[in-house]
Amino acid sequence: MVRACNTIYREDTMTSRRRSTLRAAGLLALLLAAGSGHAAGDPAGIWLTETGESKVRLARCGGGYCGTLVSAAGKGLDTNNPDPALRTRSVVGVQIVNAPNASGDGYAGTLYNPKDGKTYSGTLKMTGPNTVVVSGCVMSVFCKSQTWKRAN
């Protein structure tokens with residue numbers, strides 16, 4: 001009888017240890033997956049636009065991200081701005097992405113295009129650790145997208 005109790009006790013102890021080990025391994029795997037997904041899905045940093053003419057710094061803004069031009073080709077003036085007083089300013093330092101709202105698998109807000117001086121409803125979405133797709137729409141029907149590549 002004592003032998004049977006010892007066997008049951010050893011089996012219960014081994015089962016309990018296995019469960020604890022499996023729980024710890026599962027928790028570790030979950031934490032690692034969450035950590036790596038967050039790092040790969042963080043658009044903060046400097047991005048080269050699709051044409052390669054400009055660089056945009058994306059940074060946290062509200063619950064999403066905002067983007068400011070850090071370099072532009074040519075004179076880089078905001079000549080098409082609807083406000084005549086702003087047409088002689090440099091576009092470097094101008095916020096062109098304002099996507100402070102998490103939306104599905106990306107962020108939503110507005111995009112300013114210095115080439116035509118217009119602001120569009122838009123989205124920002126990570127498509128890989130070094131690529132982000134920026135889409136701007138008119139009347140939520142006519143949309144254009146650009147794929148930017150991480151510059152840093």
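# Reading the largest pocket and T49

Visitor: What makes up the lining of the largest pocket in this predicted model?

Guide: The lining residues divide into 17 nonpolar, nine polar and four charged. The pocket that they surround holds about 760 Å³ of space, and of its 30 lining residues, Y112, N113, P114, K115 and Q146 are the closest to the centre.

Visitor: Which strands each supply at least two residues of that lining?

Guide: Those strands are β4 (95–103), β5 (106–113), β7 (131–138) and β8 (142–150), and the largest share, six residues, comes from β8.

Visitor: Why is T49 called buried?

Guide: The word buried is used for a relative accessible area under 20%, and T49 has a value of 11%, so T49 is buried. This residue lies in the loop between β1 (45–48) and β2 (55–61).

Visitor: Which residues is T49 in contact with, leaving aside its neighbours within four places in sequence?

Guide: With those neighbours left aside, T49 is in contact with S54, V56, Q146 and W148, where contact requires heavy atoms within 4.5 Å.

Visitor: Where in the protein is confidence lowest, and where is it highest?

Guide: Helix α1 (residues 2–40) has the lowest confidence, at a mean of 41, whereas β1 has the highest, at 98. For the protein, the mean pLDDT is 81, and 74% of the residues reach 70 or more.

Visitor: How many contacts beyond four places in sequence does the model have for residues 14–40?

Guide: The model has three such contacts for residues 14–40, a stretch over which pLDDT stays under 50. Where pLDDT is low, predicted coordinates should not be read in detail.

Key
Residues numbered from 1 in each chain as written. Predicted model: local features only at pLDDT ≥ 70, side-chain atom pairs only at ≥ 80, totals over all residues. Heavy atoms only, no water. 1 Å grid on protein atoms, 1.4 Å probe; cavity = no way out; pocket = protein on both sides within 12 Å on 5 of 7 lines; lining within 4 Å. Points joined across faces, edges and corners; volume = space filled by probe spheres on them. Helix = DSSP H or I, 4+ residues; strand = E, 2+ residues; numbered from the N terminus. Nonpolar A, V, L, I, M, F, W, Y, C, P; charged D, E, K, R; others polar. Buried < 20%, exposed > 50% of the residue type's maximum accessible area, 1.4 Å probe, protein only. pLDDT = per-residue confidence, 0-100.
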